[in-house]
Amino acid sequence: MNKSTLAATSLAVAVAAVTGSVANAKAAPAWYARLRKPPYQPPSAAFPVAWTSLYGDIAVTSAVAIDRFREAGQHDKARRYAAALGVNLVLNAAWSWLFFRFHKLGVSAAGAAVLTVSSADLARRAAEADPRAGLALSAYPLWCSFATTLATHVWRLNR
């Protein structure tokens, strides 16, 4: 794996993670604690563990996919993958702002659904470059699908 590709994808993922986490600062925990949640809501400690693992996975598998496309002379596919990754990371960070900062539960549920579709597309693109990378990235759309279900249920409980 090319170290500069990994550095670029890691930086992009880190920027998204930090941007999203800023939305959770200070007032969000009190507001979130007051929300009604479904019984299958994971414990709070599960979220940072899940997202840290997923962010690492996104950075590494994206670097692998981009490098595989480049090695195969498919530079357009590498650029399209990088663009899809950028869109995905914007959607990822935006969800935290919609939910935690702006308290837009319905819009954030829709945003989670769009993020799920984007994540599935990213895993599909990664699989095209390297089947193992696609398999490794498959946890991301699965988690986002669960998050969509959870966000939608939270929205319905708190309307």
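These legends walk through an overview and some close-ups of a predicted model.

**View 1. The whole chain is an all-helix run, α-α-α-α-α-α-α.**
Before zooming in, some housekeeping: residues are numbered from 1 along each chain as its sequence is written. This is a predicted model, so local features need pLDDT of at least 70 and side-chain atom pairs count only at pLDDT 80 or more, while totals for chains, interfaces and linings use all residues, and side-chain values use heavy atoms, with hydrogens and water left out. The protein has 7 helices and 0 strands; these are DSSP runs, numbered from the N terminus, with helices being H or I of at least four residues and strands being E of at least two. Put a box around the C-alpha atoms along the principal axes and you get roughly 50 × 25 × 25 Å. The radius of gyration is 16 Å, which agrees with the value near 15 Å for a compact globule of 159 residues. That radius is taken over C-alpha atoms, and the globule rule is 2.2 Å times the number of residues to the power 0.38.

**View 2. Surface, burial and charge across the protein.**
About 8400 Å² of the protein is accessible surface, and carbon and sulfur atoms own 67% of that (Shrake-Rupley method, 1.4 Å probe; for residues, only the protein chains shown count as cover). Of the 159 residues, 42% are buried. Buried here means under 20% relative accessible area, exposed means over 50%, and partly exposed is in between (1.4 Å probe, protein chains only). For contacts with a separation of 6 or more, 78% come from residues 24 or more positions apart, a contact being heavy atoms within 4.5 Å. As for charge, there are 17 positive and 7 negative ones, and their mean positions sit 17 Å apart. Lys and Arg are the positives and Asp and Glu the negatives, with His and the chain ends not counted; each charge is placed at NZ of Lys, CZ of Arg, CG of Asp or CD of Glu.

**View 3. A23 sits in the loop between α1 (3–22) and α2 (27–34).**
Loop residue or not, A23 is buried, at 0% relative accessibility. Skip its neighbours within four places in sequence, and A23 is in contact with A28, S96, W97, F100 and R101. Y55, 32 residues away along the chain, has its C-alpha 17 Å from that of A23.

**View 4. A94 belongs to helix α4.**
A94 is partly exposed because its relative accessibility is 30%. The C-alpha atoms of A94 and T19 are 8.3 Å apart, with their places 75 residues apart along the chain.

**View 5. H103 occupies the loop between α4 (75–101) and α5 (105–129).**
Check the backbone here: phi of H103 is near 55°, a positive value in a residue that isn't glycine. H103 is partly exposed, at 36% relative accessible area.

**View 6. R68 is part of helix α3 (residues 46–71).**
With a relative accessible area of 28%, R68 counts as partly exposed. Beyond residues up to four places away in sequence, R68 touches A129, D130 and R132. E128 is 60 residues from R68 along the chain, yet their C-alpha atoms are separated by 9.4 Å.

**View 7. Spans that UniProt lists as "transmembrane region".**
The unreviewed UniProt entry gives residues 49–69, 81–99 and 135–155; positions follow the numbering used here, feature names are shortened, and annotations may be inferred rather than shown by experiment. Residues 81–99 are 100% helix and 0% strand, with end C-alpha atoms 27 Å apart. Residues 135–155 are 95% helix and 0% strand, and their end C-alpha atoms lie 31 Å apart.
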